[in-house]
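Me: Could you take a close look at one part of this structure for me, and tell me how it is built and what surrounds it? I would like one connected account rather than a list.

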Amino acid sequence: MEQKIPYKIYLNEDEIPTRWYNVRSDMKNKPAPLLNPGTGKALTLEELSPIFCEELCRQELDNDTPYFDIPKEILDFYKMYRPSPLVRAYFLEKALGTPAKIYYKFEGNNTSGSHKLNSAIAQAYYAKKQGLKGVTTETGAGQWGTALSMACSYFGLDCRVFMVKCSYEQKPFRREVMRTYGANVTPSPSTTTEVGRKLLAEFPDTSGSLGCAISEAVEAAVTHEGYRYVLGSVLNQVLLHQTVIGLETQAALRKYDIKPDIIIGCAGGGSNLGGLVSPFVGEMLRGEADYRIIAVEPASCPSFTRGKFAYDFCDTGMICPLAKMYTLGSQFIPSANHAGGLRFHGMSTILSQLYADGYMEARAVEQTSVFEAAELFARVEGTLPAPESSHAIRVAIDEALKCKETGEEKTIVFGLTGTGYFDLVAYEKFNNGTMTDVIPTDEQIAASLAKLPQVPQAE
């Protein structure tokens with residue numbers, strides 16, 4: 001008789017991970033180093049320290065330490081909402097009529113409504129420990145800005161957020177949550193920075209981009225004493241903090257002797273996907289197991305599926321370090337889609353290397369099909385998912401329907417990164433039939449890629 005799996009698998013407080021896992025320690029091909037755009041050489045700790053907190057710089061550059069102890073202050077904060085549940089999607093399985101078993105790791109059970117809080121509290125902690133006045137950052141859909149504003153409020157730090165203009169306008173309630181927690185929120189591009197003024201002069205009607213908001217946040221940090229810049233995705237340090245997601249997922253699955261066949265995550269810059277899959281990839285790298293891992297990105301910003309693996313600037317203003325990643329070009333500004341958190345032009349260097357080495361596959365999906373999946377999920381599973389999360393839902397449904405055709409009883413796990421209650425403008429447009437799919441042309445991508453920096457190490 002098949003073991004009865006609960007609707008929700010809860011771990012107890014003692015099963016919260018006490019260490020973050022560094023997947024780079026098991027990678028034969030390490031991610032390419034960040035480069036100084038002026039010299040073309042790998043960035044040193046001394047060069048990174050004026051931008052990021054010192055301990056975060058060390059985490060960023062460490063390719064060899066397998067695990068990092070999580071400080072007690074961060075663990076105490078995690079206990080407010082962790083461990084998060086791993087949920088068996090019985091109702092979705094029934095609605096699809098599939099023999100597949102579907103599970104999702106739900107990261108929306110905190111006030112910020114997303115997984116972003118896992119890294120926000122860590123970065124705020126290290127900033128406070130260093131004696132800083134505050135931090136600056138960017139945010140797309142607002143999940144990261146919300147999480148960071150909460151974390152800064154907890155530690156008594158000033159928080160300055162540059163929010164992508166189209167999201168600033170589409171998501172006023174997310175903006176107000178940030179302000180409630182004490183953050184200063186500015187639509188990007190803005191007139192408050194030199195790079196913002198330059199971009200507005202060149203593109204006065206732009207809806208903004210994460211790359212642009214990053215430029216403004218970095219400029220604000222380096223021009224104000226006692227401030228550092230913090231980032232919600234892409235960087236090695238962020239993926240490190242987010243591994244609490246994958247480590248808990250591993251523990252919950254092992255509790256009932258469940259082995260996933262397919263692991264799916266939405267992909268923007270890589271924080272959620274990297275956090276979810278890193279421990280499983282570690283098993284693959286060590287030869288202990290094999291999984292199909294699928295990264296799902298929007299067709300409007302398809303860095304994995306249509307980008308180039310090359311060194312590029314991490315920001316539109318071209319003031320940040322160079323990273324070797326799958327990129328559409330730092331000058332690429334995606335359409336104003338509703339998955340604001342998936343609008344970055346590049347992908348994590350860790351995930352980019354894993355993808356290049358064949359440990360992951362990638363799929364790009366269109367906005368309307370994503371919201372079709374989101375609406376079905378909401379109706380049968382009872383949780384309104386964020387647009388970002390719904391990219392993973394879309395492909396989980398597609399894979400489950402393939403199992404229905406073949407009769408295979410595969411086990412599918414995906415990350416539900418957060419809730420969509422601040423994304424009702426998007427749901428309104430979908431329900432009204434006014435939502436559209438805007439996909440960049442080959443010519444548009446080629447024009448952006450033609451502006452990639454010339455870096456010898458990229459060859």
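Reply: Happy to. One definition helps at the start: the expected span of a helix is 1.5 Å times one less than its number of residues. Please keep in mind that this is a predicted model.

Let me begin with α12, the helix formed by residues 243-255. Its 13 residues reach 18 Å from the first C-alpha to the last, close to the 18 Å expected. Is α12 enclosed or open to the outside? Ten of its 13 residues are buried, so the helix is largely enclosed by the rest of the structure. Buried here means under 20% relative accessible area. The buried set runs without a break from T243 through V244, I245, G246, L247, E248 and T249 to Q250, and is completed by A252 and L253. Just after the helix comes D257, with a positive phi near 55°.

The helix α10 makes a good companion to α12. Its 13 residues should span 18 Å at 1.5 Å a residue, and its end C-alpha atoms are 18 Å apart, which agrees. Twelve of the 13 residues of α10 are buried, so this helix, too, is largely enclosed by the rest of the structure. Among these buried residues are C212, S215, E216 and E219, and those four are also the residues that α10 brings to its contact with α9.

What covers α10? The cover of its buried residues includes the strands β6 (134-139), β7 (158-164), β8 (184-188) and β9 (227-229), together with α9. The axes of α9 (residues 194-202) and α10 (residues 210-222) come within 8 Å and cross at roughly 150°. The two helices are therefore roughly antiparallel to each other. From α9, the contact takes in E194, V195, G196 and L199. Sorted by class, this contact of α9 with α10 has three nonpolar, two polar and three charged residues.

Now compare that with the pair α5 and α6. The axes of α5 (residues 117-129) and α6 (residues 143-155) come within 8 Å and cross at roughly 40°, which makes α5 oblique to α6. The crossing is right-handed. On the α5 side the contact is made by L117, S119, A120, I121, Q123, A124, Y125 and K128, and on the α6 side by W144, A147, L148, M150, A151, C152, Y154 and F155. By class, this contact has 13 nonpolar, two polar and one charged residues.

α5 itself has 13 residues that should span 18 Å at 1.5 Å a residue; its end C-alpha atoms are 18 Å apart, which agrees. The helix is mostly covered, with eleven of its 13 residues buried. Those eleven include N118, A122, Y126 and A127, as well as contact residues such as L117 and Y125. After the helix comes G131, whose phi is positive, near 85°.

A last stop is a loop. R343 lies between β13 (322-327) and α15 (349-356). Is this arginine buried or exposed? R343 is buried, with a relative accessible area of 1%. R343 and P298 are 45 residues apart in sequence, while their C-alpha atoms are 8.3 Å apart in space.

Technical notes
Residues numbered from 1 in each chain as written. Predicted model: local features only at pLDDT ≥ 70, side-chain atom pairs only at ≥ 80, totals over all residues. Heavy atoms only, no water. Buried < 20%, exposed > 50% of the residue type's maximum accessible area, 1.4 Å probe, protein only. Axes fitted to C-alpha atoms, helices over the stretch in contact; angles between N-to-C directions. Parallel < 35°, antiparallel > 145°, perpendicular 65-115°, else oblique. Left-handed = near helix turned anticlockwise from the far one by under 90°. Contact = heavy atoms within 4.5 Å. Nonpolar A, V, L, I, M, F, W, Y, C, P; charged D, E, K, R; others polar.
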